[in-house]
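Visitor: I have a structure open and should like to go through it with you. May I ask as I go along?
Guide: Certainly; please put it on the screen.

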Amino acid sequence: MTDPVIEADGLGMHYRRRGGAWALRDCAFALPAGRVAAVVGPNGAGKSTLLGLAAGLLRPTAGRITAPARDRLAYVAQDKPLYGQLTVTETLRLGHELNPDRWDPAVAESIVAAGPLAGNARVRSLSGGQRTRLALALALGKRPELLLLDEPMADLDPLARRELMGVLLADAAERGTTVVMSSHILTELEGACDHLLLVQNGRIRLDGEIDDLLAAHTLVTGPVADLSPHTVVDSRTTGRQLTALVRREGPVEGPWVTTKPSLEELLLAHLRTTEGASV
């Protein structure tokens, strides 16, 4: 396996200002370099905290997390913090001045031009989608080894989302950039990401290559019956008909119809389960 670009062991984050709640607790994972990883989970699960820790913006309460130094990573937060008084051109110039050894003006300017964003437009006058485009231009212009994106496409229209996702994936493939993104848009992740981190109740419930996780699960439909020795992740019964997602322990034998789950079916089944089923 490729050496991990992010590695966590016993990672925990405790917020006093939130009534003493643990945002993350006892998290352990290792993300190999060059992956495009999806961080998914319900609101409040700890996704943003995990990305903030990886970016070095937060200090863990417990355990450890290792990631590249800040000059070799880029982080785009949900609120896309930019200097409102600067113009688009001035913002890109600032990105160059802060990253003189790594800055790629052609990449940054091409993302802005595809908007198109006027160079003399003030950041405070930009729409949410335009601010997202500018923030991504800054992040990719830095030529990071690790790109951390917290709900990056939420305020983009479907066409812009598809275009920028294509830019991200092409960059990752060409440069070997590791991309870690959180998103609530499950269809956006399928076909774009190859690694999954499912965060639930502040813990990592699923971690692995998406193809391996899908291959380890089976959707079962048929009469109500004992599914031992398999682990039932989620099940629903309608009359005498059972529909279940199981983590297989060998071949699934019995009077059932079996199919391979989609990524959305896998995630929703685990999210419906209070504790999740680790793989």
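Visitor: Which strands does helix 1 lie across, running at about 120 degrees to strand 1?
Guide: Before I answer, please note that this is a predicted model. Helix 1 lies across strand 1, strand 2 and strand 4.

Visitor: What sheet has the order 2-1-4?
Guide: That is an open sheet of three strands, with antiparallel pairing. Its edge strands are strand 2 (21-32) and strand 4, each of which pairs on one side only. From one strand to the next, the twist averages 20 degrees.

Visitor: How many bridges join strand 1 to strand 4?
Guide: Four bridges join strand 1 (residues 4-15) to strand 4, and the two run antiparallel. As an example, A8 has I65 in strand 4 as its bridge partner.

Visitor: Now the six-stranded sheet. What is its strand order?
Guide: The order is 5-6-7-3-8-9, in an open sheet with mixed pairing. Strand 5 (73-76) and strand 9 (203-209) are the edge strands, each pairing on one side only. On average, neighbouring strands of this sheet are turned by 10 degrees against each other, direction ignored.

Visitor: And in which sense do strand 3 and strand 7 pair?
Guide: Strand 3 (residues 36-40) and strand 7 (residues 178-182) pair in the parallel sense, over four bridges. Within that pairing, V39 has S182 of strand 7 as its bridge partner.

Visitor: Which helix packs on the sheet and touches strand 6?
Guide: Helix 1 (residues 47-54) does; it touches strand 3, strand 5, strand 6 (146-150), strand 7, strand 8 (195-200) and strand 9. The direction of helix 1 makes about 150 degrees with that of strand 6. Helix 1 also lies across strands 1, 2 and 4, as mentioned at the start.

Visitor: What does helix 8 lie across?
Guide: Helix 8 (residues 263-272) lies across strand 3, strand 8 and strand 9. Helix 8 runs at about 25 degrees to strand 8.

Visitor: Let us change topic to helix 3. Which of its residues are buried?
Guide: In helix 3 (residues 105-113), the buried residues are V107, A108, I111 and V112. They lie on the same side of helix 3 because they cover an arc of only 130 degrees around its axis. On the other side of helix 3, A106 and A113 are exposed.

Visitor: What covers the buried residues?
Guide: The cover includes helix 2 (88-98), helix 4 (128-141) and helix 5 (158-175).

Visitor: At what angle do the axes of helix 3 and helix 4 cross?
Guide: They cross at roughly 165 degrees and come within 8 Å of each other. The angle therefore makes helix 3 roughly antiparallel to helix 4. The crossing is right-handed. From helix 3, the contact is made by V107, A108, I111 and V112, and from helix 4 by R133, L134, L136, A137, L140 and G141.

Visitor: How do the axes of helix 4 and helix 5 cross?
Guide: Those axes come within 12 Å and cross at roughly 5 degrees. Helix 4 is therefore roughly parallel to helix 5. In helix 4, R133, L136 and L140 meet A160, E163, L164, V167, L168 and D171 in helix 5.

Visitor: Where does D71 lie?
Guide: D71 is in the loop between strand 4 (62-66) and strand 5. Its relative accessibility is 48%, so D71 counts as partly exposed.

Visitor: Which residues does D71 touch, leaving aside those up to four places away in sequence?
Guide: On that basis D71 touches R102 and K142. In addition, the C-alpha atoms of D71 and N99 are separated by 7.6 Å, although these residues are 28 residues apart along the chain.

Visitor: Finally, strand 12: how many of its residues are buried?
Guide: Five of the seven residues of strand 12 (residues 241-247) are buried, so to put it plainly the strand is mostly covered.

Visitor: What does strand 12 pair with?
Guide: Strand 10 (residues 217-223) is joined to strand 12 by seven bridges, and these two run antiparallel. In that pair, V220 stands opposite A244 of strand 12. Strand 11 (residues 231-238) also pairs with strand 12 in the antiparallel sense, over seven bridges. Strand 11 and strand 12 form a hairpin with two residues between them, and G239 in the turn has a positive phi of about 65 degrees. T238 has Q241 in strand 12 as its bridge partner.

Technical notes:
Residues are numbered from 1 along each chain as its sequence is written. This is a predicted model: local features need pLDDT of at least 70, side-chain atom pairs count only at pLDDT 80 or more; totals for chains, interfaces and linings use all residues. Side-chain values use heavy atoms; hydrogens and water are left out. Buried means under 20% relative accessible area, exposed over 50%, partly exposed in between (1.4 Å probe, protein chains only). The arc is that of the directions from the helix axis to the C-beta atoms. Contact means heavy atoms within 4.5 Å. Two strands pair if DSSP finds at least two bridges between them. Axes are lines fitted to C-alpha atoms, for helices over the stretch in contact, and angles run from 0 to 180 degrees between N-to-C directions. Angles under 35 degrees count as roughly parallel, over 145 as roughly antiparallel, 65 to 115 as roughly perpendicular and the rest as oblique. A crossing is left-handed if the near helix is turned anticlockwise from the far one by less than a right angle, and right-handed if clockwise.
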